[in-house]
Amino acid sequence: MKRNPSSKQPRRTPLKAYTLSETIFHEVRNRLQRGEIGADDRILDYEIAQEYNCTRMPVRQALLRLASEGYLLGTTRGFVLPTLTTEDIYEVFEMRRLLEPHAASSVIGLLDNDQHMALTLAYHQARRAAEKHDSQMMTDANIAFRSIWIGAVQNKRLRETIQRFADHAQLVRSATLFDPATQTLVVEGLKRILDGFVERNGDSVHSAMLAFVQHAQQQYILLAQAAARAT
């Protein structure tokens, strides 16, 4: 059949670029969550383009999206981690207190047995991390536990907002997870949240999540004050 020259054919290049940009976005965000990119590091688009063997355009799109969501700060020499003020940190924790307890309690009837098992595995990973005083393993366990229940939140905008604020807090708090007392509090907090999910008790999940966020903020403040006195 002869094609009509004036008819428009599907354009595949934008779809491919968008897919690659999305992949790069999630990969860089994962690195940020795990603390693999530090305050002194500079993220350059051409280096990531070389890593993915692609042009700089999808990399640039991914990095600009990360900057728009507050993960990175654009400069004339690449992208860096933003410097959060004390007020910024307080506001992040305030948003978490307002959003996470309600959202977590709303998914108790949506989590299935496989998700309960995944939450249990993440909790046991956190326990092993505390026993070994392994801050990276603790960070990974936190991310895994959080991703499971947040993924069950039905409201897309709420889910993305919670994820973003939780990630911002994680970037700050990762510096505190080396502390044995903090690790113990994290394990105890995850256990209370897990028990509430398994029992499908909304009130228990709500109170446990609220306490978890409050303890996270308190530990951050205590360790920050101790570090300030030591300097």
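**Exercise 1.** Sort the lining of the largest pocket into nonpolar, polar and charged residues.

*Solution.* The split comes to 12 nonpolar, six polar and no charged residues. The classes work like this: Ala, Val, Leu, Ile, Met, Phe, Trp, Tyr, Cys and Pro count as nonpolar, Asp, Glu, Lys and Arg as charged, and the others, Gly among them, as polar.

Before going on, keep in mind that this is a predicted model, in which local features need pLDDT of at least 70 and side-chain atom pairs count only at pLDDT 80 or more, while totals for chains, interfaces and linings use all residues. Residues are numbered from 1 along each chain as its sequence is written, and side-chain values use heavy atoms, with hydrogens and water left out.

Now the pocket itself. Its volume is about 360 Å³, where volume is the space filled by probe spheres set on grid points that are joined across faces, edges and corners. A pocket, on a 1 Å grid over the protein atoms alone, is an open set of points with protein on both sides within 12 Å along at least five of seven lines; a cavity is a set where a 1.4 Å probe fits but cannot get out, and lining residues have an atom within 4 Å of a point. Here 18 residues make up the lining, and A39, L81, P82, L171 and V172 sit nearest the centre. Helix α7 (residues 156-173) contributes the most, with three residues. Helices here are DSSP runs (H or I, at least four residues; strands would be E, at least two), numbered from the N terminus.

**Exercise 2.** Find which element gives the largest share of the lining of the second largest pocket.

*Solution.* Start with the space: about 270 Å³ lies in this pocket. Next, list the lining: there are 13 residues, with F25, H26, R29, E160 and Q163 nearest the centre of the second largest pocket. Two or more residues come from each of α1 (13-33), α6 (135-151) and α7. The winner is α1, with five residues. For the chemistry, count two nonpolar, five polar and six charged residues in this lining.

**Exercise 3.** Work out how many cavities of 30 Å³ or more the structure holds, and describe their linings.

*Solution.* There are two. Take the largest cavity to begin with: its volume is about 180 Å³. It has 16 lining residues, and R96, N142, R146, Q170 and F212 are the closest to its centre. Five elements come up with two or more lining residues each: α4 (86-106), α6, α7, α8 and α9 (202-230). By class, the largest cavity has 10 nonpolar, two polar and four charged lining residues.

Then the second largest cavity, with about 50 Å³ of space. Its lining has 10 residues, and L185, V186, F212, H215 and A216 lie nearest its centre. Here α8 and α9 are the elements that give two or more residues. Helix α9 supplies the largest share, five residues. The classes in the second largest cavity come out as five nonpolar, three polar and two charged.

**Exercise 4.** Decide how α5 and α8 run relative to each other: roughly parallel or roughly antiparallel?

*Solution.* Get the geometry: the axes of α5 (residues 113-132) and α8 (residues 180-199) come within 9 Å and cross at roughly 165°. Axes are lines fitted to C-alpha atoms, for helices over the stretch in contact, with angles from 0 to 180 degrees between N-to-C directions. Apply the cut-offs: under 35 degrees is roughly parallel, over 145 roughly antiparallel, 65 to 115 roughly perpendicular and the rest oblique. So α5 and α8 are roughly antiparallel. Their crossing is left-handed, meaning the near helix is turned anticlockwise from the far one by less than a right angle (clockwise would be right-handed).

Last step, the contact (heavy atoms within 4.5 Å). From α5 it takes in H116, L119, T120, Y123, A126, R127, A129 and A130, and from α8 Q183, V187, L190, K191, L194, F197 and V198. That contact holds 10 nonpolar, three polar and two charged residues.

**Exercise 5.** Repeat the job for α6 and α8, starting from their packing angle.

*Solution.* The angle is about 20°, and the axes are 12 Å apart. Therefore α6 is roughly parallel to α8. The handedness of the α6 and α8 crossing is left-handed. S135, M138, N142, F145 and W149 of α6 meet Q183, V186, V187, L190, I193, L194 and F197 of α8. Sorted by class, the α6 contact with α8 has nine nonpolar, three polar and no charged residues.

**Exercise 6.** Locate H133 and R200 among the loops and give phi for each.

*Solution.* H133 is in the loop between α5 and α6, with phi near 55°, which is positive in a residue other than glycine. R200 is in the loop between α8 and α9, and its phi is positive at about 55° although R200 is not a glycine.
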